[in-house]
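Q: Please take a close look at the salt bridges in this structure. Which side chains pair up, and where do they sit?

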Amino acid sequence: MSLKTYKKKRDFKKTKEPAGKVMKQKKPTAPIFVVQKHAARALHYDFRLEVEGVLVSWAVPKGPPQKLGERHLAVHVEDHPIEYATFKGNIPKGEYGAGTVEIWDSGTYKNMMEEKEKGKGKMSMKESVKEGHVEVQLNGKKLKGPYALVRTKLGGKDNNWLMIKMKSK
Ligand code: MN
């Protein structure tokens, strides 16, 4: 996991976003997720999952789907530092992602791919992201239940994924 791209895009003398670092220590608690409403040039929602010391992130223009079976475009973006999960406020004009950030939802999640039988698609979160198939059970205030994120190569772009609200089992 790396924050190289994240750091390259930002001038921490000008933005209050955390410079952060990859968290090495394993937490005893469940991994977190956060959704930040980001009123940048184009309004979008940033969906982030804690994976091995960073927040793996997607920009979801329409926001996370809230009806069963709905699928929304989710553009995979650079990993963010864990501390970003509590960031809210204004990113100054002229800086990367200029505009306001508010926390729209947050909570914990469970990796559903971890529960599959061994040898039948059982994957760690890191492996799931690499494979382009993430399944998580969200436990937030607004978002609850199973969600999938699937890489689609829509428009030939590798970073285009779909975020899908799944049926609870
Ligand atoms: Mn954003």
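A: Asp158 and Lys153 form a salt bridge in this predicted model, with 3.6 Å between the closest N and O atoms. Asp158 has a relative accessible area of 49% and is partly exposed. Lys153, at 51%, is exposed. The two values lie on either side of the cut-off, because exposed means over 50% relative accessible area.

Other salt bridges share partners: Lys9, Arg10, Glu17 and Glu78 are joined in this way into one network. Two pairs from that network can be described in turn.

One pair is Glu17 with Arg10, where the closest N and O atoms are 3.1 Å apart. Glu17 is buried, with a relative accessible area of 4%. Arg10 is buried as well, at 10%. Both residues count as buried because the term covers relative accessible areas under 20%.

Another pair is Lys9 with Glu78, whose side chains meet in a salt bridge at 3.5 Å, N to O. Lys9 belongs to the loop between helix 1 (4–8) and strand 1 (32–39), while Glu78 belongs to strand 4 (residues 71–81), so this salt bridge ties together parts that are 69 residues apart in sequence. The two partners fall into separate accessibility classes: Lys9 is partly exposed, with a relative accessible area of 34%, whereas Glu78 counts as buried at 10% relative accessibility.

For the structure as a whole, the number of salt bridges is six. The pairs described above are among them: Asp158 with Lys153, Glu17 with Arg10, and Lys9 with Glu78.

Charged and polar side chains also appear at the metal site. There, a manganese ion is coordinated by His38 through ND1, His44 through NE2 and Asp46 through OD, at 2.2 to 2.3 Å. Along the sequence, these donor residues follow the spacing H-x5-H-x1-D. Of the donors, His44 and Asp46 are both buried.

One further residue deserves a note for its backbone. Glu52 lies in the loop between strand 2 (43–51) and strand 3 (54–60). The phi angle of Glu52 is near 45°, which is a positive value in a residue other than glycine. With 47% relative accessibility, Glu52 counts as partly exposed.

Note on methods. Residues are numbered from 1 along each chain as its sequence is written. This is a predicted model: local features need pLDDT of at least 70, side-chain atom pairs count only at pLDDT 80 or more; totals for chains, interfaces and linings use all residues. Side-chain values use heavy atoms; hydrogens and water are left out. A salt bridge is a side-chain nitrogen of Lys or Arg within 4 Å of a carboxyl oxygen of Asp or Glu. Helices (H or I, at least four residues) and strands (E, at least two) are DSSP runs, numbered from the N terminus. Buried means under 20% relative accessible area, exposed over 50%, partly exposed in between (1.4 Å probe, protein chains only). Donors are N, O and S atoms within 2.8 Å of the metal (3.2 Å for Na, K and Ca); water is not among the atoms, so sites may look incomplete.
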